Amino acid sequence: MSETSTSGVGMTVAAAFAGMRSATPVTFRAGCPDCRGCFELTASSLRLAIGANSRTTFYSFTCPDCGAAVRKPAGERIVELLTGGGVRTLRLHSTL
């Protein structure tokens, strides 16, 4: 890749990216129902399962304080926030 653009403007690659900063990782606040711990988790610490209805749509994580496996229901707004924040998603399919 050339250091100058092909449009004739003459901007270098370094100048084009000079104002960019590294992205801050998204964190989500969560709580453990077992130990009552409150903490922040990264997107890679959470999993989202989207089912056919609200009863089968949930997110899960492992409590960093006590190690408990936590599963909580996820409504539309939670699904939107988690997917927008990069949480890995599994789509559950119902069987006939």
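Okay, let's start at D34, which sits in the loop between β1, residues 27–31, and β2. Before I go on: this is a predicted model, so that goes for everything I point at today. At 59% relative accessibility, D34 counts as exposed. If you skip the neighbours within four places in sequence, D34 is in contact with C66 and A68. And D34 comes to 8.9 Å from C63, C-alpha to C-alpha, with their positions 29 residues apart in sequence.

The strands on either side of that loop are a hairpin. β1 and β2 pair in the antiparallel sense, over five bridges. If you want a rung to find on screen, take F28, whose bridge partner in β2 is L41. There are six residues between the two strands, and R36 takes a positive phi there, near 65 degrees.

Now, those cysteines I mentioned. How many disulfides does the count come to? Zero. The nearest cysteine sulfur to C63 is that of C66, and it is 3.7 Å away. A disulfide would need the two sulfur atoms within 2.5 Å, so at 3.7 Å this pair isn't counted as one. Seen from the other end, C66 is in no disulfide either, with the sulfur of C63 as its nearest. The two cysteines also sit in different settings: C63 is buried at 2% relative accessibility, whereas C66 counts as partly exposed at 41%.

On to the sheet. Four strands make an open sheet in the order β5-β4-β3-β6, with mixed pairing. Which strands stand at the edges? They are β5, residues 69–73, and β6, residues 88–91. Each of them has a single partner strand, so one side of each is left without a neighbour in the sheet. From one strand to the next, the twist averages 25 degrees.

Look at the β5 end for a second. β4 and β5 run antiparallel and are joined by five bridges. One residue to click on is S60, because its bridge partner in β5 is R71. R71 turns up again with a ring: it lies over the face of F58, at 3.6 Å from the ring centre.

There's a helix to place as well. α2, residues 76–84, lies across β3, β4 and β6. Relative to β3, which covers 47–50, α2 runs at about 130 degrees.

Last topic, the aromatics. A search of the whole structure finds two aromatic pairs. F39 and F61 are edge-to-face, 5.9 Å centre to centre, with 75 degrees between the planes. Why does that pair matter for the layout? F39 lies in β2, residues 38–42, and F61 in β4, residues 58–62, so the pair ties together parts that are 22 residues apart in sequence. The other pair is Y59 with F61, and that one is stacked: 6.3 Å centre to centre, 20 degrees between the planes.

Are these rings buried or exposed? F39 is buried, at a relative accessible area of 11%. F61 counts as buried too, at 4%, and Y59 is also buried. Put the pairs together and you get F39, Y59 and F61 linked into a cluster.

So, to leave you with a picture: a hairpin of β1 and β2, an open sheet of four strands, and the F39–F61 ring pair tying β2 to β4.

Terms used
Residues numbered from 1 in each chain as written. Predicted model: local features only at pLDDT ≥ 70, side-chain atom pairs only at ≥ 80, totals over all residues. Heavy atoms only, no water. Phe/Tyr/Trp six-rings, centres within 6.5 Å; stacked < 30°, edge-to-face > 60°. Buried < 20%, exposed > 50% of the residue type's maximum accessible area, 1.4 Å probe, protein only. Lys NZ or Arg CZ within 6 Å of the ring centre and 35° of its normal. Contact = heavy atoms within 4.5 Å. Axes fitted to C-alpha atoms, helices over the stretch in contact; angles between N-to-C directions.
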